[in-house]
Amino acid sequence: MPKHPEDDELLEKTKMSFSEHLEELRSALFKSLAAWLGGTLIGLLIGWQVVDYVQTPLREALDNFYRGQAEQAVVNRLEEQQAEGDTVPEDIPGTAAEMAGEGLVPEEFFVDRQELSKAFGIDAPEGGAEGFPTTREQMVRLRLYRPIENDPRLSVISLSGQEAFMIYVKASLVVGAVLASPFIFYYMWNFVAAGLYKRERNMVYVYLPMSLGLFFAGAALAFFAVFDYVLDFLFWFNAQMGIMLTPRITEWMSFVLLLPLGFGISFQLPLVMVALERVGIFTVESYTSKWRIAVVVIFTISMFLTPADPGSMLMMAAPLTLLYFLGIWLCKSLPRGEALGPGRSSRTKD
């Protein structure tokens with residue numbers, strides 16, 4: 001390995017004792033914690049809006065789901081009336097789609113004929129005991145339509161009094177971490193950079209922006225695109241099982257954080273490939289010759305990292321496949337740095 005006299009000279013000037021290490025680390029951690037607390041204070045001011053915003057994909061999916069349910073209910077009702085000989089529109093699917101587009105959700109009620117007789121002067125036929133209606137056939141079947149925006153099923157629920165407050169606090173903490181992340185990185189990087197040679201710091205300056213960009217790209221893809229496919233599949237599956245949807249805010253917040261996190265981490269694939277190639281575990285030739293196997297592995301892993309719908313699996317596997325070939329290109333294009341070995345840090349014990 002070639003020697004660099006200027007690095008060795010800098011090494012001698014920057015040696016630190018063990019107690020100085022601890023003091024510098026303590027200072028970096030304290031400043032990072034202070035930055036996080038400062039960001040959390042800002043998060044407490046906008047925590048309400050954050051909790052409301054992260055529910056946007058869920059509300060949209062619920063709205064689409066119940067509009068589809070309403071459309072199918074109208075189709076079933078009109079076909080039933082048609083079978084009974086009643087007059088119905090010629091284009092039953094079109095009529096149902098138009099009503100669903102207006103956000104009209106049908107609900108059926110059975111009304112006591114005697115009550116209708118009192119209210120509107122309608123003759124009430126004989127019912128059950130003493131003329132009182134006791135069966136559905138003896139009542140008037142009414143179909144009412146409720147605006148979908150007033151449908152309580154579109155609202156997320158909580159199962160305890162403190163749940164909403166805890167979600168607000170968690171959202172504020174997350175906002176604080178995001179806002180403070182540049183400062184936290186700066187303080188921690190100052191601590192780590194003192195133990196690296198100049199050429200090693202330059203490698204970090206190259207790879208770190210790429211890593212952050214890939215992470216945020218994966219998280220954005222999950223939040224703005226993949227959620228639609230995931231939620232549509234999960235809601236459809238609930239409908240097939242005959243299970244009524246009652247989304248809980250705590251479970252949704254966990255889901256809305258975990259899926260983007262998984263996408264963000266998986267998008268680090270090109271940099272992982274570069275690292276493995278640099279340390280000699282794989283070569284560019286092995287990446288190139290085994291790309292078919294790599295694609296199969298990517299699709300298999302995507303199947304386990306996403307819900308069991310094909311849409312979300314493809315939304316993860318397709319970009320990862322492209323990133324695999326990007327990793328091959330990076331291995332060929334990025335400049336090679338010297339591998340980091342033990343004992344390279346300028347921090348040494350007494």
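**Salt bridges in a predicted model**

Okay, let's start with the whole chain: out of its 350 residues, 33% are buried. One thing to keep in mind from here on is that this is a predicted model.

So what is the chain built from? It has twelve helices and two strands. If you walk along the sequence, the order goes α-α-α-α-β-α-β-α-α-α-α-α-α-α. As for contacts, if you take those with a separation of 6 or more, 82% of them are between residues 24 or more positions apart. And the outside? The chain exposes about 21500 Å², with carbon and sulfur atoms supplying 66% of that.

Now, the topic I really wanted to talk about: salt bridges. The basic idea is that side chains of opposite charge can pair when their charged atoms come close. How many salt bridges do we get here? The count comes to ten. I'll take you through three of them.

Here's a local one to begin with. Glu80 and Arg77 form a salt bridge through their side chains, at 3.4 Å from N to O. Where do these two sit? Both are in helix α3, residues 56-83, and they are three residues apart, which is about one turn of the helix. Are they buried or exposed? Arg77 counts as buried, because its relative accessibility is 15% and the cut-off for buried is under 20%. Glu80 has a relative accessible area of 32%, so it is partly exposed.

Next up, Arg146 and Glu107. Their side chains meet in a salt bridge too, with 2.3 Å from N to O. This pair links distant parts of the chain: Arg146 is in strand β2 (residues 140-147), Glu107 is in strand β1 (residues 104-111), and they are 39 residues apart. Arg146 is partly exposed, at 24% relative accessibility. Glu107 is partly exposed as well, with a relative accessible area of 24%.

My third pair is Arg248 and Glu163, where the closest N and O atoms of the salt bridge are 2.8 Å apart. Again, distant parts of the chain get linked: Arg248 is in the loop between α7 (198-240) and α8 (249-266), while Glu163 belongs to helix α6 (residues 163-193), 85 residues away. Arg248 is partly exposed, at 27% relative accessible area, whereas Glu163, at 4%, is buried.

One last thing, going back to that strand pair. Which residues get joined into one network by salt bridges that share partners? Glu107, Arg146, Asp151 and Arg153. Have a look for those four in the structure!

Notes: Residues are numbered from 1 along each chain as its sequence is written. This is a predicted model: local features need pLDDT of at least 70, side-chain atom pairs count only at pLDDT 80 or more; totals for chains, interfaces and linings use all residues. Side-chain values use heavy atoms; hydrogens and water are left out. A salt bridge is a side-chain nitrogen of Lys or Arg within 4 Å of a carboxyl oxygen of Asp or Glu. Helices (H or I, at least four residues) and strands (E, at least two) are DSSP runs, numbered from the N terminus. Buried means under 20% relative accessible area, exposed over 50%, partly exposed in between (1.4 Å probe, protein chains only). Contact means heavy atoms within 4.5 Å. Accessible areas come from the Shrake-Rupley method with a 1.4 Å probe; for residues, only the protein chains shown count as cover.
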